[in-house]
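Welcome to this short tour. Please open your viewer and get ready to select things as we go.

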Amino acid sequence: MNLLGPAEVRELAARLDVTPTKKLGQNFVIDPNTVRKIVRAAGVERGDRVIEIGPGLGSLTLGLTEAGAHVTAIEIDGRLAAELPRTAEAMQPELVDGGPEVGSLRVVHSDALELAAEHLDAQLERPEVLVANLPYNVSVPILMHLLELIPSLRSGLVMVQAEVGYRVAAGPGSKEYGSPSAKAAWYGEWRIAGTVSRRIFWPVPGVDSVLVSFTRRDAPRGTDVERAQTFALVNAAFAQRRKMLRQALQSVLGPAQRVVELCAAAGVDPTARAEQLAIDEYLAVARAALAAVT
Ligand code: SAM
């Protein structure tokens, strides 16, 4: 076997003197079957360019390279980032020799939230697929940051805290629908792809996890300016989610009468509440507001 099981994960952590921290969301996968299931569900094929956030000890990374992917892995913890190439070399020596039939691995020691455009060409080689067991407390900001930063990213499969996953994949009118759902929908389609037992992690987390898949839209919904205005409206609407839009949007659009006029121009009911609007309706109001100032 060339993946990490429970004994290998614990032995590696002990050797590196790593005590998993909650602050960095360090719950490591110890089950090779789950790893192979994730790699299959992500549709990763030989030769795909994959970005992984938070490779940790390498549980998922080795599943991706085993499938022949070219993986760029971004890890914030310096000890883990330094060890991962050695782990990969020990477990899958064929990676080092290279060749068309095997994948490859590049590890970048960085905070995923601080990845910037200048890293892209040099280091990230235009990844097409995101596969990650994301650190729980920053999973949504990381997803938003990567989708914005990496236009080549076409699809992904991420493991996140269940509550967050259901929120990201929710549609208008459902009780989980919130600003993360509306913003995620800007970029494409999201759906729950499966649930994951707590027992496949070490240490066992206090929350359930789900797999969420996404497929990016073929064309962006709007320009950067339209996105910024749309997200400002989404933030304002959900900050006062029990209020009608004609009140909640005043902080961005101005007095109630103006909000009503802009909603009318956009074909949106100003007495609706935040959770009733799809992202395209927020965009329509944003466009009306931008047209009114130009
Ligand atoms: N992929 C590994 C696995 O499945 O076993 C580890 C997943 S663990 C849930 C999350 C990982 O993300 C940890 O290795 C942690 O150090 C790393 N991490 C936390 N915050 C990060 C950030 N802002 N940028 C990059 N990596 C981060």
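Before the first stop, one definition will help: Ala, Val, Leu, Ile, Met, Phe, Trp, Tyr, Cys and Pro count as nonpolar, Asp, Glu, Lys and Arg as charged, and the others, Gly among them, as polar. Keep in mind too that this is a predicted model.

**Stop 1: the ligand and its shell.** Select the ligand and show the residues around it. There are 21 of them, and the closest are Val29, Gly54, Glu75, Asp111 and Ala112. How does this shell divide by class? It has nine nonpolar, eight polar and four charged residues. Now colour the strands: β1 (residues 28-29) and β3 (70-75) each supply at least two residues of this shell.

**Stop 2: polar contacts.** Select Gln26 next. An N or O atom in the side chain of Gln26 is 2.9 Å from an oxygen atom of the ligand. Move on to Gly56, where a polar backbone atom is 3.4 Å from a ligand oxygen. Then pick Ile76: here a polar backbone atom is 3.3 Å from a nitrogen atom of the ligand. How much of the ligand does the protein bury? Taken alone the ligand exposes 600 Å², and the protein buries 98% of that.

**Stop 3: the pocket.** Where does the ligand sit? Its place is in the largest pocket. This pocket has a volume of about 450 Å³. It is lined by 32 residues; select Leu24, Gly25, Gly54, Glu75 and Pro135 to see the ones closest to the pocket's centre. Gly54 and Glu75 should be familiar, since both are also among the closest residues to the ligand. By class, the lining of the largest pocket has 18 nonpolar, 10 polar and four charged residues. To see which elements take part, highlight β1, β2 (49-53), α3 (59-66) and β3, each of which supplies at least two residues of the lining.

**Stop 4: two spots in the backbone.** First select Asp17, in the loop between α1 (6-16) and β1. Phi of Asp17 is near 60°, a positive value in a residue other than glycine. Finally, go to Pro203, in the loop between β8 (201-202) and β9 (209-216). Is the peptide bond from Trp202 to Pro203 cis or trans? It is cis, with omega near -10°.

Technical notes
Residues numbered from 1 in each chain as written. Predicted model: local features only at pLDDT ≥ 70, side-chain atom pairs only at ≥ 80, totals over all residues. Heavy atoms only, no water. Near = heavy atom within 4 Å. Polar contact = N/O pair within 3.5 Å; in protein donor to acceptor, adjacent residues only side chain to side chain. Areas by Shrake-Rupley, 256 points an atom, 1.4 Å probe, with all protein chains shown as cover. 1 Å grid on protein atoms, 1.4 Å probe; cavity = no way out; pocket = protein on both sides within 12 Å on 5 of 7 lines; lining within 4 Å. Sits in = over half its atoms within 2 Å of the grid points. Helix = DSSP H or I, 4+ residues; strand = E, 2+ residues; numbered from the N terminus. Points joined across faces, edges and corners; volume = space filled by probe spheres on them.
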